[in-house]
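I set down here, in order, what I looked up in this structure.

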Amino acid sequence: MTYKVEQVNDCTKKLSFSFDNLDLSEQISVALKEKQKSVSIKGFRKGKAPIAMVEKLYRPQVEGDALNRFVQKELFEAINKEDLKVVGYPNFENMDYKDGKSVSFDAVVEIFPTVELKDFSKLSFTKDTVEVTEEDVDKVRKNYLAPKAEMVEAAEGTALANGLFAVMNFEGEKADGEKPENMKGEEYLLEIGSGQFIPGFEEQMTGMKAGEKKTLEVTFPSEYHVEELKEAKVKFHVELLEIKERKLPDFTDEVAKELGFESVEDFKAKTQENLTKQNERQAAEKLNQEILEKLISENSFDVPSTMIAQQKEHLKNDLANNLKQQGFTEDMLGEYFEKWAGDLDEKALFQVKSGLILDHLANKYEVESTDADFDAKIEESASLSGLTADQVKEFYTKDERMKANLMYAIREEKTFAKLHSELKIK
């Protein structure tokens with residue numbers, strides 16, 4: 001054997017190679033022919049220069065290419081022989097090449113770790129009780145009716161409260177007395193309790209009545225996107241011109257039909273059912289999160305740094321896309337990721353460990369996602385989204401990655417179902 005294997009940790013191995021009688025003639029011949037096809041030498045058409053001339057002009061480069069081919073071939077064969085499930089690319093160290101006669105080098109590779117879990121049958125968890133109230137159903141009704149609502153003036157003497165709308169003039173004043181133009185507004189419409197303004201602004205307006213004036217004192221948050229306003233103390237001089245409220249139309253059978261239901265009672269029944277399913281799913285997700293947190297804390301194992309880096313990059317890309325939609329610039333993104341780098345590292349590590357544990361359990365339980373599972377999930381998604389099954393199916397089948405992600409999620413769901421049967425869940 002021309003190599004030896006050293007265990008660095010549970011997911012890292014070092015393969016040390018040594019060849020004292022090196023013969024690169026075959027690799028050099030291949031490299032020369034490849035080089036011959038691409039070089040242009042004066043006096044010859046491209047690809048037609050003699051091999052001897054190509055070798056004379058490009059010997060160091062060709063020899064380097066040949067050595068690289070040899071190293072890659074030997075490493076690949078060793079990985080196959082040792083049956084290593086490699087993650088990412090190898091890191092080459094201690095390369096020692098001597099005049100085409102010998103070579104030695106180390107290749108450090110990361111591999112998928114072997115996950116072994118301690119007995120978890122005695123672990124106990126509590127799943128949240130699922131309850132849907134009339135208030136929950138009524139909230140959905142209001143959301144459906146919101147686009148049909150009219151804005152009307154509130155009754156005289158009404159005090160501003162959450163859910164009501166303030167029509168106001170306002171002007172901001174910085175600590176140095178400056179009143180920037182971008183801190184002014186006239187006849188501005190603001191829903192109280194919506195959280196659209198700086199924390200403390202809407203809260204201090206609560207209780208005001210039409211015609212009143214008030215000075216609000218707020219402090220901009222440290223993570224505010226404008227550098228000069230981070231943690232700045234600002235006074236806002238506010239004049240409440242009018243209070244408005246959203247008046248919803250009566251919810252009749254006719255209106256229910258316009259919204260896609262057979263009647264008001266049909267709306268209530270279907271909404272109750274959908275909310276129950278949503279709450280069940282949220283309770284299950286919370287329970288599963290707690291189970292994973294417990295299993296990770298109870299079982300220690302090494303994780304390939306490559307997998308963590310890849311997951312972190314995935315998280316950053318998703319987060320960057322969301323933040324850009326909120327108006328973040330590249331500079332703001334850089335500052336954000338620098339500040340929260342530790343949180344991203346921690347989240348990436350948790351997700352990688354969770355995935356490895358679930359994959360281990362799926363193999364243990366012999367769980368797989370099937371076409372029947374896919375069709376059932378499409379029907380479930382359609383019932384919750386209000387779309388047809390064909391529309392949902394088209395969404396997941398137009399991109400292979402989307403369907404693959406859904407199939408993976410289904411496998412996880414089935415794995416959790418098996419896992420729940422082995423745990424104590426109240």
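**Phe-267 and its partner.** I looked up Phe-267 and found it buried, because its relative accessible area is 1%, under the 20% cut-off. I note here that the model is a predicted one. I then listed the aromatic pairs, and the count came to 21. Among them is the pair of Phe-261 and Phe-267, with 5.2 Å from centre to centre and 90° between the planes. I recorded this pair as edge-to-face. I gave both values because a pair of aromatic rings is described by the distance of the centres and the angle of the planes. Phe-261 is also counted as buried, at 12% relative accessibility.

**An aromatic cluster.** Which residues form one aromatic cluster with Tyr-3? I found Phe-17, Phe-19, Phe-70, Phe-92 and Phe-105 in that cluster.

**Thr-271.** I placed Thr-271 in helix H6, which covers residues 264–298. Is Thr-271 buried or exposed? I entered Thr-271 as buried, since its relative accessible area of 6% falls under 20%. Setting aside neighbours within four places in sequence, I found Thr-271 in contact with Val-137 and Val-140.

**Val-8.** I located Val-8 in strand S1, residues 3–9. Its relative accessibility is 47%, so I entered Val-8 as partly exposed. When residues up to four places away in sequence are not counted, Val-8 touches Lys-13 and Lys-14. I also checked Val-8 against Asp-302, which is 294 residues apart from it along the chain. The C-alpha atoms of Val-8 and Asp-302 are separated by 11 Å.

**Phe-76.** I found Phe-76 in helix H2, residues 51–82. I entered Phe-76 as exposed because its relative accessibility is 54%, and the cut-off for exposed is over 50%. How many ångströms separate the C-alpha atoms of Phe-76 and Lys-98? I read 22 Å for these two residues, which are 22 residues apart along the chain.

**Positive phi values.** I looked next at backbone angles, with the reminder that most residues other than glycine have a negative phi. Glu-231 has a positive phi, near 60°. I placed Glu-231 in the loop between strand S9 (213–219) and strand S10 (233–247). With 54% relative accessibility, Glu-231 counts as exposed. Glu-366 also has a positive phi, near 55°. Its place is in the loop between helix H9 (341–365) and helix H10 (371–385). I entered Glu-366 as exposed, at 71% relative accessibility.

**The chain as a whole.** I turned last to the totals. The protein chain has twelve helices and eleven strands. Its radius of gyration is 33 Å, whereas a compact globule of 426 residues would have one near 22 Å. I noted that the C-alpha trace spans about 100 × 60 × 45 Å along its principal axes. Buried residues account for 33% of the 426 residues. Of the contacts with a separation of 6 or more, 67% are between residues 24 or more positions apart. I recorded an accessible surface of about 26,800 Å², with 46% of this belonging to carbon and sulfur atoms. For the charges, I counted 61 positive and 86 negative, and their mean positions are 6 Å apart.

Conventions: Residues numbered from 1 in each chain as written. Predicted model: local features only at pLDDT ≥ 70, side-chain atom pairs only at ≥ 80, totals over all residues. Heavy atoms only, no water. Helix = DSSP H or I, 4+ residues; strand = E, 2+ residues; numbered from the N terminus. Rg over C-alpha atoms; globule rule 2.2 N^0.38 Å. Buried < 20%, exposed > 50% of the residue type's maximum accessible area, 1.4 Å probe, protein only. Contact = heavy atoms within 4.5 Å. Areas by Shrake-Rupley, 256 points an atom, 1.4 Å probe, with all protein chains shown as cover. Lys, Arg positive; Asp, Glu negative; His and termini not counted. Charge placed at Lys NZ, Arg CZ, Asp CG, Glu CD. Phe/Tyr/Trp six-rings, centres within 6.5 Å; stacked < 30°, edge-to-face > 60°.
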